[in-house]
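Thanks for coming. I will go through one structure today, starting with a helix and ending with a serine.

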Amino acid sequence: MLTLGCARNEVDSEELAGRLAAGGWELAAEPEDSDVVVVNTCGFVESAKKDSVDTLLAASDTGKKVVAVGCMAERYGNELAESLPEADAVLGFDHYADLAERLDDVVAGRKVESHTPSDRRKLLPISPVQRPTAAESVEVPGHAQHGWGPRVLRTRLDTSPVAALKIASGCDRRCSFCAIPSFRGSFVSRQPDEIVAEAMWLAENGVKEVFLVSENSTSYGKDFGRDGARALELLVPRLAAVPGIERVRVSYLQPAETRPGLVKAIATTPGVADYFDLSFQHSSETVLRRMRRFGSTDSFLALCDQIREHSPNAGIRTNVIVGFPGETEEDLAELERFLNGARLDAVGVFGYSDEDGTEAETFDGKLDESVVAERVARISALVEELTSQRAEDRIGDFVDVLIEQAEDGEDPIGRAAHQAPEVDGECVLIETEDLPKLAVGDFVRCEVVDSEGVDLIVRPAPPEADR
């Protein structure tokens, strides 16, 4: 099982591995040792699509059967199959329930019809409250636990002390630059008890930190009816109370939907990382409206202030798109005003490019690629300076570090509460003579003594330090 793309895809791969194990398949450690290589593809942007195709071709070079699943397979289906004959099958989400049988067919040389794409938003009712019941008859990746009772249909694909935990799938937003809702479908929440049961299972399998993922976590519970408005702020304390889970992290928050109660729950609940992954995308009102989004520089700065009223050292990260059709120098200056005022810990900077089937693809006012590249470089340089300053500001603070690498002869490496896996920097520990040997999965109270870019250099401190 090879996985590309985001943490949501990682969860889907572990669910698929669980399905395959239930269907009699055994996971191989290396492609060369397998009968079939299953590639969970990403279809978000052009670079991700290229990586997916390259991985499928490399898998084919092993001489093994190759099956494409995931977002790119769902989005392009038989078109991908026709252009990539190296793949023995291209399967969509509707194949997931009987994936074990389809792999049986592939190995036996029986032809498996390629997936035919459709707009998955049309598979569920328009009214969110009608979806939980309807979703029982529609294949929704990440919702396979339904009907399995106490059994968790998931197989861990690594031994990391960190694991993604999906709380919902799909999206109801209509951002003009994004195609995800068309192939991921309408928003559907998972039931709280089901999520807590999976967290318990993860804890039993060595996980110390769970991070909650979805296409839009701030919508969690909107399909539960009137009682759903506070569903996420009620869920995170339950997860933090799961024995063995020492840190809960929430990802993929929409600023316009981030309510004060949720801010307080994330910032102040023991065991929940005071970390806010906020999808600002831009801060110019003009650009945001063309993106079909809401907010402004001042409202976003007010949200950052609200977060820091509860937790002055809270981590805040975001992604921004520059060079969007119609973006002016004044719009870019407005984004710079926001970035200068927000004191963010991490920022991903992306240049706009057309995406198949999106509204923005039809917009006028497209900027030359050279202009987009210049603006990406300009904002990236500003972000590098500002996030380095933010890390430097943390010198003298105390942080709880989850150890993720601890190899003999090398400094242990981990992450503090304001650092999400893979995207937000890390903590490098300076070991002291009286410190017991550290192992992956340990939490260590540390003092920040230096910084390098967004990374922190930390030294173990007494457990009671700065509590």
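Is helix α8, residues 231-240, largely enclosed by the rest of the structure or not, and how many of its residues are buried? Before I answer, please keep in mind that this is a predicted model. The count is 7 of 10 residues buried, so helix α8 is largely enclosed by the rest of the structure. The buried ones are Ala-231, Leu-232, Glu-233, Leu-235, Val-236, Leu-239 and Ala-240. Note that Glu-233 is on that list. The cover over these buried residues includes strands β5 (162-166), β8 and β9 (247-250), together with helices α7 (192-204) and α9 (260-268).

Two residues of this helix come up again in the core. The largest nonpolar core has 69 residues. Leu-232 and Leu-239 are among the residues with the most contacts inside that core, along with Leu-212, Phe-276, Phe-338, Leu-339 and Ile-379. A second core, separate from this one, has 20 residues, including Leu-16, Val-36, Ala-179 and Phe-183. As background, nonpolar side chains tend to be buried together in soluble globular proteins. Phe-338 is worth finding on the screen: beyond four places in sequence, it touches Phe-280, Ser-283, Thr-297, Phe-300, Leu-301 and Leu-344.

Now the charged residues. The structure holds 47 salt bridges, and I will show three pairs and one network.

Arg-102 pairs with Asp-98, with 2.8 Å between the closest N and O atoms. Asp-98 is partly exposed, because its relative accessible area is 27% and the buried class stops under 20%.

The next pair is Arg-415 with Glu-209, where the closest N and O atoms are 3.3 Å apart. These two come from distant parts of the chain, 206 residues apart: Arg-415 is in strand β14 (residues 413-415) and Glu-209 in strand β8 (residues 209-213). Is Arg-415 buried or exposed? It is buried, at a relative accessible area of 2%. Glu-209 is buried too, with a value of 0%.

The third pair is Arg-375 and Glu-327, whose side chains meet in a salt bridge of 2.8 Å, N to O. This one also links distant parts of the chain, 48 residues apart. Arg-375 sits in helix α13 (residues 369-393), while Glu-327 is in the loop between β11 (315-322) and α12 (329-342). Both Arg-375 and Glu-327 are buried.

As for the network, salt bridges with shared partners join Glu-14, Arg-154, Arg-156, Asp-158, Arg-190, Glu-194 and Glu-198.

A lysine next. Lys-49 lies in helix α2, residues 46-61. With a relative accessible area of 5%, Lys-49 is buried. What does the side chain of Lys-49 meet in a polar contact of 2.8 Å? The partner is the side chain of Tyr-76. Outside four places in sequence, the contacts of Lys-49 are Cys-42, Gly-43, Met-72, Arg-75, Tyr-76, Glu-355 and Asp-356.

On to the strands. An open sheet is formed by 3 strands in the order β10-β11-β12, with parallel pairing. Strands β10 (275-277) and β12 (346-351) are at the edges with a single partner strand each, so one side of each has no neighbour in the sheet. On average, neighbouring strands of this sheet are turned by 10 degrees against each other, direction ignored. The β11 and β12 pairing is made over 6 bridges, and Arg-317 is opposite Ala-346 in β12.

Elsewhere the pairing is antiparallel. Strand β13 (residues 398-405) is joined to β16 (residues 443-452) by 5 bridges, and Phe-398 has Glu-447 in β16 as its bridge partner. Strand β16 is also joined to β17 (residues 455-460), antiparallel again, by 6 bridges. Here Val-448 stands opposite Val-458 in β17. β16 and β17 make a hairpin with 2 residues between them, and in the turn Gly-453 has a positive phi of about 65 degrees.

Last, the serine. Ser-299 is in helix α11, residues 297-310. Ser-299 counts as partly exposed, at 34% relative accessibility. A polar atom of the Ser-299 side chain lies 2.9 Å from the backbone nitrogen of Ser-296. Thr-55 is 244 residues from Ser-299 in sequence and 42 Å from it in space, C-alpha to C-alpha.

Definitions and conventions. Residues numbered from 1 in each chain as written. Predicted model: local features only at pLDDT ≥ 70, side-chain atom pairs only at ≥ 80, totals over all residues. Heavy atoms only, no water. Helix = DSSP H or I, 4+ residues; strand = E, 2+ residues; numbered from the N terminus. Buried < 20%, exposed > 50% of the residue type's maximum accessible area, 1.4 Å probe, protein only. Polar contact = N/O pair within 3.5 Å; in protein donor to acceptor, adjacent residues only side chain to side chain. Contact = heavy atoms within 4.5 Å. Core = buried A, V, L, I, M, F, W, Y, C linked by side-chain atoms within 4.5 Å. Salt bridge = Lys/Arg side-chain N within 4 Å of Asp/Glu carboxyl O. Pairing = 2+ DSSP bridges. Axes fitted to C-alpha atoms, helices over the stretch in contact; angles between N-to-C directions.
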